Amino acid sequence: WELAYMQYLDIDDSVLTYSYEPFHIEYVSNIKSGKIRKYFPDLLVIKSDLVELIEIKPSNKLSKLVVRKKIAAAEIYASANNMKFTVITEIELKNLKLIK
């Protein structure tokens, strides 16, 4: 799915550049213990008018607690760094005709 989306980015004229797993975002994985983990978003996409952080994930995984924690951390990070955060699932990939 990630490869299919990167191939889509390759032909999008508004995309200046993109990076795969460009950096990590720390998040608290266990509130009781305070355990900090690292989350690596799938893509950082730089467009002429927008910087976007993208996570590609199956829709049936979005309700998992660990995924929700990662998404929350990414949303906070993106907001603090003037970026848009987007989760892309198989639904969006099918709508773009990138997968069947």
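Helices here are DSSP runs of H or I with at least four residues, numbered from the N terminus. By that rule, V67 has its place in helix α2. The model is a predicted one. Its core topics are an open sheet of 4 strands, the helices α1 and α2 that pack on or lie across strands, and 2 aromatic pairs.

**The sheet**

- The open sheet runs in the order β1-β4-β5-β6, and its pairing is mixed.
- β1 and β6 (84-88) are the edge strands, each pairing on one side only.
- From one strand to the next, the twist averages 20°.
- Strands of a sheet pair through backbone hydrogen bonds, in either the parallel or the antiparallel sense.
- Strand β4 (residues 43-47) and strand β5 (residues 51-56) are antiparallel, with 4 bridges between them.
- L44 has L53 of β5 as its bridge partner.

**Helix α1 on the sheet**

- α1 packs on the sheet and touches β1, β4, β5 and β6.
- The direction of α1 makes about 160° with that of β1.
- A4, Y5, M6 and L9 are buried in α1.
- These buried residues pack against β1, β4, β5 and β6, and also against α3 (90-95).

**Helix α2**

- α2 lies across β5 and β6, and runs at about 150° to β6.
- The helix has 16 residues.
- From first C-alpha to last, α2 reaches 23 Å, close to the 22 Å expected at 1.5 Å a residue.
- V67, I71, A73, A74 and A78 are the buried residues of α2.
- Viewed down the helix axis, the buried residues fall within an arc of 165°, so they line one face of α2.
- On the other side of α2, the residues I76, S79 and A80 are exposed.
- β2, β3 (35-39), β5 and β6 are included in what covers the buried residues of α2.
- N82, just after α2, takes a positive phi of about 55°.

**V67 in closer view**

- V67 counts as buried because its relative accessibility is 8%, and the cut-off for buried is under 20%.
- Leaving aside residues up to four places away in sequence, V67 touches K57, K61 and L62.
- K57 is 10 residues from V67 along the chain, and their C-alpha atoms are separated by 9.0 Å.

**Aromatic pairs**

- The structure holds 2 such pairs.
- In one, the ring centres of Y5 and Y8 are 5.5 Å apart and the planes meet at 40°, so the pair is tilted; that label covers angles that are neither under 30 nor over 60 degrees.
- Y5 and Y8 are 3 residues apart in helix α1 (residues 2-10), so about one helical turn separates them.
- An α-helix has 3.6 residues a turn, so residues three or four places apart point the same way.
- Y5 is buried, at 7% relative accessibility.
- Y8 is partly exposed, with a relative accessible area of 26%.
- F23 and Y77 also form a tilted pair, with 5.1 Å centre to centre and 40° between the planes.
- F23 sits in the loop between β1 (15-20) and β2 (25-30), while Y77 belongs to helix α2 (residues 65-80).
- The F23 and Y77 pair therefore ties together parts that are 54 residues apart in sequence.
- Y77 is partly exposed, at 26% relative accessibility.

Terms used. Residues numbered from 1 in each chain as written. Predicted model: local features only at pLDDT ≥ 70, side-chain atom pairs only at ≥ 80, totals over all residues. Heavy atoms only, no water. Phe/Tyr/Trp six-rings, centres within 6.5 Å; stacked < 30°, edge-to-face > 60°. Helix = DSSP H or I, 4+ residues; strand = E, 2+ residues; numbered from the N terminus. Buried < 20%, exposed > 50% of the residue type's maximum accessible area, 1.4 Å probe, protein only. Pairing = 2+ DSSP bridges. Axes fitted to C-alpha atoms, helices over the stretch in contact; angles between N-to-C directions. Contact = heavy atoms within 4.5 Å. Expected span 1.5 Å × (residues − 1). Arc of directions from axis to C-beta.
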